[in-house]
Amino acid sequence: MRINSLRLQLLAWVVLPLAGLATVNLWTSHRSAQATADLITDRMLVGSARMIAEQVAMTDGVLNATVPPAALEMFDTGDRDRVYYRVETAGGRLLTGYPGLPQAPGHPSMEATYRGQALRLLTFTHAVVGAGADSPITVSVGVTLAGHDAMVRHLWFSAFAQQLALVAIAGVFVLLGLRRGLAPLIRLRDAVRSSKRSELDPIEVAGAQNEIRPLVEALNAYMERVRAQMAAQRRFIANAAHQLRTPLALLSTQASYALRENAVDARREALVALQASAGRLARLAEQLLTLSRAEPGSRRPRADRIDLTEAARQVLETHAPRAIDRNIDLGLDETGAVPVIGDGTMLREMIVNLVDNALRYTPAGGTVTVKLLADGEAVLTVSDNGPGIPADERDHVFERFYRIAGSTEEGSGLGLAIVREVVENAGGRVTLADGAAGGLMVEVRLPLAGG
């Protein structure tokens, strides 16, 4: 199950590894408790066997073995353990104790089974003065494991309680630390969601840590871009409304004039003018829509493989009748395919605007030449012998609705703005220069398509 809470994720990343380490520590603690219980039990067995061995002595030439009560009572820990012992001579004669009790040869202690019970058993050898061939004697002492196991459980449960308390305390401190550490994020959230924020003003979060400050700065930078885009959209809408208002008013005037005229020729003239105005208005609306589509983020990016030479040929065929009507030499200079990657519709619209501008400003009898070549990158130039654009105006003509002062040609001031948006979205650049025969040359450079 996916955890969507940052607080719970951080808590899990801290507490779960800690719990894993505690688990490993509990395993090692159990082994340590086992070793401790073994050591204590073995020491008690050694003490008991030594006490028994020290009571074995020669009395009137007879070897006697007396078991002192203290040697057995030391195992009385309240766990009802049974103690078994055996004392025998070097020859194997039983002096006292339980017959058949195993010995632990060669080992300080061992675990064995006697009378169906598990024992921890130790065998101790002791020399008796005057015992002759019966010396040394061996004393074996075994004890059941109830007390031993109880000691292991007590030590392990004590360690378990300590580890559990450690994890719980760590969890509490982590929660408190997360609450304090995430407080700037909560304040950032509240600042963004605040109903008092009517503008996209920068957000200030007091006490923001170094890790959170880049997020606040990125959010403020994003809001600055959004604010700039909104301002640009407001200017665009205002300019578009202004540009549309004039042709709409002209259409209304021309329609009223045509309605008032009774003479057929005058009415026809008014209708022709009305049709021309409608065409210009349609072209303006089309350019506004194209510019809106050309803006970054307005549509899903496309990566079509486009031959600019073929696209330019299609555009020139479309504009050929207009060039013929004005006796303009509209030509294409190309040496082959020039492939690029981008939005095919917008790239064709870029060429349409370049050719349309060139035809619009080139006088009758002039020349418009579209040239294409692949020189490490795709190069498209549109040259004319019109009036050109002064050098100090060339940075401004890419602005929306910008018109050169004193221009007598009709236009919306959107053509080059569309060209720049399309070219920059395709990763290219556009520049203006003087044409070889006067006029203007627009040069567009785009990355060539690989392969």
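In the predicted model, Asn327 occupies the loop that connects α7 to β9 (329–334). The phi angle of Asn327 is positive, about 60 degrees, although the residue is not a glycine. With a relative accessible area of 58%, Asn327 is classed as exposed because its value is over 50%. A positive phi, near 60 degrees, also occurs at Arg80, again a residue other than glycine. Arg80 is placed in the loop between α2 (69–73) and β3 (83–88), and its relative accessible area of 81% makes it exposed. A further backbone feature is the cis peptide bond between Ser135 and Pro136, for which omega is about 0 degrees. Pro136 belongs to the loop between β6 and β7 (137–144).

At the level of the whole chain, nine helices and 14 strands are assigned. The chain comprises 451 residues, of which 36% count as buried. Its accessible surface amounts to about 26,200 Å², and carbon and sulfur atoms account for 56% of that area. When contacts between residues at least 6 apart in sequence are considered, 63% of them join residues at least 24 apart.

The largest nonpolar core contains 39 residues, among which Met350, Ile351 and Leu354 touch the most other members. Two or more residues are contributed to this core by each of α7 (308–325), α8, β11 (367–374), β12 (378–384), α9 (415–425), β13 (429–434) and β14 (440–446). Helix α8 supplies the largest share, nine residues. Beyond its neighbours within four places in sequence, Leu354 is in contact with Leu380, Val382, Leu416, Val419, Val442 and Val444. A second core, separate from the one just described, has 20 residues and includes Ala53, Tyr85, Phe124 and Val141.

Helix α8, which spans residues 344–361, also contains Asn353. The relative accessibility of Asn353 is 0%, so this residue counts as buried. A polar atom of the Asn353 side chain lies 2.7 Å from the backbone oxygen of Glu349.

Charged side chains in the α8 region were examined next. Asp356 and Arg322 form a salt bridge through their side chains, with an N to O distance of 2.5 Å. This pair links distant parts of the chain, given that Asp356 lies in helix α8 and Arg322 in helix α7, 34 residues apart. The two partners fall into separate accessibility classes: Asp356 is buried at a relative accessible area of 7%, whereas Arg322 is partly exposed at 29%. Asp356 also forms a salt bridge with Arg360, where the closest N and O atoms are 2.9 Å apart. Both Asp356 and Arg360 are located in helix α8, at a spacing of four residues, or about one turn of the helix.

Across the whole structure, the search yields twelve salt bridges. One of these joins Arg120 to Asp42, with 2.8 Å between the closest N and O atoms. Arg120 is part of strand β6 (residues 117–126) and Asp42 is part of helix α1 (residues 6–54), so the bridge ties together parts that are 78 residues apart in sequence. Both partners are buried, because their relative accessible areas, 9% for Arg120 and 16% for Asp42, are under 20%. Arg120 and Asp42 also take part in a network of salt bridges that links them with Asp38 and Glu111.

Nonpolar side chains are also found at the surface. Ile169, Val172, Phe173 and Leu176 make up a nonpolar surface patch whose combined accessible area is about 410 Å². Ile169, a residue of helix α3 (residues 146–181), has a relative accessible area of 47% and is therefore partly exposed. Leu259 lies in helix α5 (residues 213–260) and is exposed, with a relative accessible area of 71%. The C-alpha atoms of Leu259 and Leu271 are 9.6 Å apart in space, and the two residues are separated by twelve residues in sequence.

Terms used
Residues numbered from 1 in each chain as written. Predicted model: local features only at pLDDT ≥ 70, side-chain atom pairs only at ≥ 80, totals over all residues. Heavy atoms only, no water. Buried < 20%, exposed > 50% of the residue type's maximum accessible area, 1.4 Å probe, protein only. Polar contact = N/O pair within 3.5 Å; in protein donor to acceptor, adjacent residues only side chain to side chain. Core = buried A, V, L, I, M, F, W, Y, C linked by side-chain atoms within 4.5 Å. Contact = heavy atoms within 4.5 Å. Patch = residues over 30% accessible without salt bridge, like charges linked within 9 Å, V, L, I, M, F, W, Y side chains within 5 Å. Areas by Shrake-Rupley, 256 points an atom, 1.4 Å probe, with all protein chains shown as cover. Salt bridge = Lys/Arg side-chain N within 4 Å of Asp/Glu carboxyl O.
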